[in-house]
Amino acid sequence: MAKKKTAVKKKSAQPSAERSKPAVSAPKRRPTSESLLPQISKLDQQILKLINERTALAVDWISAQENVRQAVFTPQIDDEVVAAVQQANSGPVTNDAIRSIFRQLISSARRSVKTQRVAYLGPSHSYSHQAAIERFGESADLIPVTTIASVFEEVNRGHAEFGIVPIENSTDGRIVDTLDMFTRLPLRICGEVQISVQHNLVAKCSRSEIMEIYSKPQAFSQCRNWLNRHMPQVRLHDVTSTSTAAQLARDKPGAAAIASSKAAAEYGLQVIAESIQDNKNNVTRFAVIGDLALNPTGGDRTALLLQIPHKPGALADSLTIFKDNKINLSWIESFPLRQPETGYLFFLDFEGHQKDAKVKRALEALAKNAVRLEVLGSYPRCDMVN
């Protein structure tokens, strides 16, 4: 008799990976605006506490210095602080915003110790105003004046501790009014600011309605090709600053200005055409003027006013001195002497500090044949900012 087979119940062949798969969790809920507000508020309080702690420490540091007046003007330290935090920044805050925040923190701490009065070529929102804010922050007492000569005079009379004046443009070269004032008044260059200059055509009316354009002569010069191509029939009028031009564009029907986007925003103007300068890498270098003598930083420039005998070979002999001492000249400009004298004054910028040994040797050699030799100042170099 055949044996009865016992039925064997087979287990289902389920893959081990599927068997060990964890239960699917519910999707995370996105935070609501109401739930985020308490977190933001908590961070605000922490930031406020840290800001005040940082300011108190900065005030203590300034107050502990032997020369407090000099301690509130430390351009090299300012730039190093900003560069360090920008390098550490991983976003989403932009480096431009970081620069603005820390510039204001530094400025506010200094005002707690001493108010810095700074004269600049106004009115507000001119490029000189931007340069003044870049170096001194908005907590300084920024004083607008109407001419470059007035900036020098305010500082020379003691009405302002510092002044900001344009000294050189990458398109137009020297700023004649500034160089002329250095020959008249005994002021030093204490620092520099390099600003990327972006010129815009701004107006309240449409482009087709523009009948005249106002701006500084330098701005017209820097936008010459664009104006010839796009606005050849429009009348051009020189004024003392781009901010003054923006004011006129706001008030006069059919008027436009060449000015910064900040000036356009301040005076309620539209940007008709942006970045119209012929050189897209247009940079203006500003000098900080005052009476402070700064110590070497290892990354300095020295500015010099030089008059030499008006005879063949005199300039070549002077320049050879820089070559022999391995000093790199970064800028040289000639300026005709006032009548009845004949000849030229030369403005020179070179790398190094007047306390450096090789610079001392060069200055001693230059003095032997110079009719006039004045060191306008040694100051730390700075990078260009937008």
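# A tour from Asp180 to the nonpolar cores

Begin by selecting Asp180, which counts as buried because its relative accessible area is 17%, under the 20% that sets the limit for that class. The model on screen is a predicted one, and every value on this tour should be read with that in mind. Asp180 sits in helix 8, and if residues up to four places away in sequence are set aside, Asp180 touches Phe335 and Arg338.

Stay in helix 8 and add Phe182 to the selection, together with Phe152. The ring centres of Phe152 and Phe182 are 5.1 Å apart and their planes stand at 85 degrees, so this pair is classed as edge-to-face. Because Phe152 belongs to helix 7 and Phe182 to helix 8 (residues 176-184), the pair ties together parts that are 30 residues apart in sequence. Phe152 and Phe182 are both buried.

Now keep Phe152 and show what surrounds this residue. Leaving aside neighbours within four places in sequence, Phe152 is in contact with Val165, Thr178, Met181, Phe182, Leu185, Leu187 and Ile289. Widen the view to the largest nonpolar core, which has 29 residues, and in which Phe152, Phe182, Ile189 and Ile289 are those with the most contacts inside the core. Helix 7 (residues 148-156) supplies the largest share of this core, namely four residues. Apart from this core lies another, of 21 residues, which includes Phe136, Phe286, Leu292 and Leu294. As general background, nonpolar side chains tend to be buried together in soluble globular proteins.

Next, select helix 7 as a whole. The buried residues there are Ile148, Ser150, Val151, Phe152, Glu154 and Val155, and the elements against which the buried residues of this helix pack are strand 1 (117-121), strand 2 (141-145), strand 3, helix 8 and strand 11 (283-290). Just after helix 7, look for Gly158, where phi is positive at about 85 degrees.

From helix 7, move to Val165 in strand 3 (residues 162-169). Val165 is buried, with a relative accessible area of 0%. Outside the four-place window in sequence, the contacts of Val165 are Ile148, Val151, Phe152, Thr178, Arg285, Phe286, Ala287 and Ile289. For a distance to check in the viewer, take the C-alpha atoms of Val165 and His129, which are 36 residues apart along the chain and separated by 9.8 Å.

The following stop concerns aromatic rings, of which a search of the whole structure finds six pairs. Select Phe73 and Phe136, whose rings form a stacked pair with 5.8 Å from centre to centre and 25 degrees between the planes. Since Phe73 lies in the loop between helix 3 (68-71) and helix 4 (75-88), while Phe136 lies in helix 6 (residues 127-136), this pair ties together parts that are 63 residues apart in sequence. Both of these residues, Phe73 and Phe136, are buried. Adding Phe162 to the selection completes a cluster in which ring pairs link Phe73, Phe136 and Phe162.

Finally, turn to the surface and select Leu36, Leu37 and Ile40, which together make a nonpolar surface patch of about 270 Å². Leu36 is part of helix 2 (residues 33-64), and Leu36 counts as partly exposed because its relative accessibility is 34%.

Technical notes:
Residues numbered from 1 in each chain as written. Predicted model: local features only at pLDDT ≥ 70, side-chain atom pairs only at ≥ 80, totals over all residues. Heavy atoms only, no water. Patch = residues over 30% accessible without salt bridge, like charges linked within 9 Å, V, L, I, M, F, W, Y side chains within 5 Å. Areas by Shrake-Rupley, 256 points an atom, 1.4 Å probe, with all protein chains shown as cover. Salt bridge = Lys/Arg side-chain N within 4 Å of Asp/Glu carboxyl O. Helix = DSSP H or I, 4+ residues; strand = E, 2+ residues; numbered from the N terminus. Buried < 20%, exposed > 50% of the residue type's maximum accessible area, 1.4 Å probe, protein only. Core = buried A, V, L, I, M, F, W, Y, C linked by side-chain atoms within 4.5 Å. Contact = heavy atoms within 4.5 Å. Phe/Tyr/Trp six-rings, centres within 6.5 Å; stacked < 30°, edge-to-face > 60°.
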